[in-house]
Amino acid sequence: MSVDTATVKRIASLARIAITDDEAQAMAPELNNILGWIEQLGEVDCTGIEPMTAVIPNTLRLREDVVTEPDQRDLVLANAPQAEHGFFAVPKVIE
Amino acid sequence: MTKLTDLTVAGIRDGFRAGDFSAREVAEGFNAAVAGAKALNAFIVDTPDHALAAADAADAARAAGDAAKPLAGVPIGMKDLFCTKGVQTTAASHILEGFVPPYESTVSGKLWEAGAGMLGKLNLDQFAMGSSNETSYFGNVISPWRRSDGGNAAMAPGGSSGGSASAIAARLCPAATGTDTGGSIRQPAAFVGISGIKPTYGRCSRWGVVAFASSLDQAGPMARDVRDCAIMLEAMSGFDPKDSTSLDLAVPQWEAGLSSDLKGKRVGIPKEYRVEGMPAEIEALWQQGIDWLRDAGAEIVEVSLPHTRYALPAYYIIAPAEASSNLARYDGVRYGQRELPEGANLQDMYAATRSAGFGPEVKRRIMIGTYVLSAGYYDAYYTQAQKVRTLIARDFAEAWDHCDLLLTPTAPSAAFALGEKMADPLAMYLNDVFTVPSSLAGLPAMSVPGGLDAGGLPLGLQVIGRPLDEQSVLNAGLALEERAGFTARAEAWW
C-alpha cells in the first residue's frame, strides 16, 4: 500500500499540523519508505498472542479523590501565551 | 594534583568529605569548563548560580559537621528533558522555548535533595527523537572526539542524550542525567566512551520528564565509570506516587553491592545479534568482551532471541504512536509558543502553532504515529506491534532460563560524522538495533566503553539484565571496565 499526497494531508489534518502542498509531496515518499519497512511485522504469526499493555507487571494505583494542591491559578497560567481574567485565552470559538 | 574537573563523582564526594577541597572550588572549576566549551554546544542554558548555591550549602553543612549527603559537593548536568523549577525547560524544541516550569521533576528533585548542584540544562535531540543530536532546535551537539584520520569532521555524540554524553566526555560535568526510550542513554555513551545505565522501567519516576513514548521512557545516569553510575542511579531511583508506572520498591544499595567477581553467573550471547554487514571491529570487540567476562568467572552460553529482527519495526510503530498522543498537548494554549495567523480560528491556531513549533523529525514521527493509530490501520500496525512486543519480551523471559545476563555490542558502528546519516531517516533508525529490544521489554541495560576502532573512536559493550537486577548489570559492567582499562579521552580542541 502506498501513501499519496492526499493521505499525507489527511494525516496532517488529524495531527493538527499545517503543511503546504510542497511539504506533503516531500513527505509522502519518506512516509512510504518507513511504512514499507515496518510492514515486515505482518510476517510474524501472532495467533493467540495478547498485545502487551504493561512492560513490567504493575497494578494501576488509584489515589484518594481529594484536592492536593489548592489555589495554583497563577502558577498554572504563568506560562500561558495569553491569559485574561484568570483564564487561558484563545481565539473566538463561537460567533 | 589531579584537576578537580578530572575527578569522578566518587572522587569528588570522597575528596570533599575528607576536606581535600571545598565544594565551591569544584563548582567553580566545572562552571569555568562549561563556559569555555561553547563550541560543543552541549548546554542549552548554563546555571552556574545553581551549582554555586548547592556548593555553598554543602560547604556550610560540612563546616557544621555534616558532609553525609550522597552527592554533597557534586555538580552535575541535567538533560533538558527534565523540568527544573524556575529554569527554562525546552526538550530542545522551539515550541517549548521560554517555558519555565513552576515545578521540579521528581528525578531532578531527588538529585538536589542528595546534595547535587546543576551546571546547566543539556542539549538533546528535539523531544528526545534522534540518534545523533542533529534535531535540536538549538543546534547540533558536537562530540569532543575526532577521527584520527587527520580530518576535522565534527562527529555526532549520539542521541538523544548527546549533550549529556558530550559534556561528560569533555569533562564539563562529572555525571549527568539521561533518558532512554530506545537507546538514548546507551548509544551516546558508547559513541563518546563513557558509561550509562537505563534501569528497569519504573525504577525512576517519569513525573516532570517531558514525555516521548510513555511505555518506554526511562531516566538513568551517564558518567565516566560504573561506580559513578551506581551512585547516581541510587539518588535518582525510588517510588513516586505521582507516577502511576513507578514501582513501589526499595532502592538497593548498588554502590555498596558492586563486585566484579562473576563466578556462578551465566552470560548469554544472543546469536541473532550477529547482524549482516556488522563491521569486523564490532565483532572483534564483542568477542573480547566475552573473553573478559569469562575471565571474571562467568560461564558463557549461546542463547536465542528469535524475534530480535522485528524489534526495530515494532519500536517505530509503538514509539511514534505514543509520541503522537503525548505531543498533542502542545497546541499553543497553555504554554510554549503560539502562532495566530490573521483571522485564524482555534483549529487554525493549533495547526499553525504545531507546524512552526516542531522540527522535521518530530513532525515525521507524529505523522507516522497518527497514521498507525488511524481508523483502518490501528489493528494492522499498532495492535500487531504490541503483540510482537509480547513475543520480544517472551524471548527475553525464556533466555533467563539459560542465563543471568546478556552481552551484546551497544551500537552497530562507532560514531559517524554529523550530516552523514541525516538524509536517510531509516538508516538513522537502524542505529538503535541493539538497544531497542531490551527497551521494549523494560529491562535494565548498560553500556560501558570497550575500546577504540581503527579511526580512534570509542566502541561500547552492552550488558542486559533481568527485570530489577541492576546489580548484576552494574557488576558485569564493572568486570568489563576493569579489564578494558579504557583511559582514552578526546584531546581538547574546543
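## The nonpolar core

In this predicted model, the largest nonpolar core holds 191 residues, and those touching the most other members are L71(B), L111(B), F127(B), L172(B), F396(B) and L407(B). The element that gives the most to this core is helix α9 of chain B, residues 311–326, with 10 residues.

Let's take a look at one of these well-connected residues. Leaving aside residues up to four places away in sequence, L172(B) touches F30(B), A33(B), V34(B), A37(B), L40(B), A42(B), F43(B), L119(B), A167(B) and W494(B).

## How α9(B) meets α12(B)

Now back to α9(B), which packs with helix α12 of chain B, residues 378–399. Their axes lie 9 Å apart, at an angle of about 125 degrees. That angle falls between the 115 that ends the roughly perpendicular range and the 145 above which helices count as roughly antiparallel, so α9(B) and α12(B) are oblique to each other. The crossing of α9(B) past α12(B) is left-handed.

Which residues of α9(B) and α12(B) make the contact? From α9(B) come A311(B), A314(B), I317(B), I318(B), A321(B) and E322(B). On the α12(B) side are Y381(B), Y382(B), A385(B), Q386(B), V388(B), R389(B) and I392(B). By type, the residues of this contact divide into 10 nonpolar, 1 polar and 2 charged.

## A glycine in α4(B)

One more stop: G109(B) sits in helix α4 of chain B, which spans residues 106–113. Is G109(B) buried or exposed? Its relative accessible area is 16%, and the cut-off for buried is under 20%, so G109(B) is buried. G109(B) and T84(B) are 25 residues apart in sequence, with their C-alpha atoms 8.2 Å apart in space.

Conventions:
Residues are numbered from 1 along each chain as its sequence is written. Chains are lettered from A and ligands numbered from 1 in the order in which they are written. This is a predicted model: local features need pLDDT of at least 70, side-chain atom pairs count only at pLDDT 80 or more; totals for chains, interfaces and linings use all residues. Side-chain values use heavy atoms; hydrogens and water are left out. A nonpolar core is a set of buried Ala, Val, Leu, Ile, Met, Phe, Trp, Tyr and Cys residues joined through side-chain atoms within 4.5 Å. Buried means under 20% relative accessible area, exposed over 50%, partly exposed in between (1.4 Å probe, protein chains only). Helices (H or I, at least four residues) and strands (E, at least two) are DSSP runs, numbered from the N terminus. Contact means heavy atoms within 4.5 Å. Axes are lines fitted to C-alpha atoms, for helices over the stretch in contact, and angles run from 0 to 180 degrees between N-to-C directions. Angles under 35 degrees count as roughly parallel, over 145 as roughly antiparallel, 65 to 115 as roughly perpendicular and the rest as oblique. A crossing is left-handed if the near helix is turned anticlockwise from the far one by less than a right angle, and right-handed if clockwise. Ala, Val, Leu, Ile, Met, Phe, Trp, Tyr, Cys and Pro count as nonpolar, Asp, Glu, Lys and Arg as charged, and the others, Gly among them, as polar.
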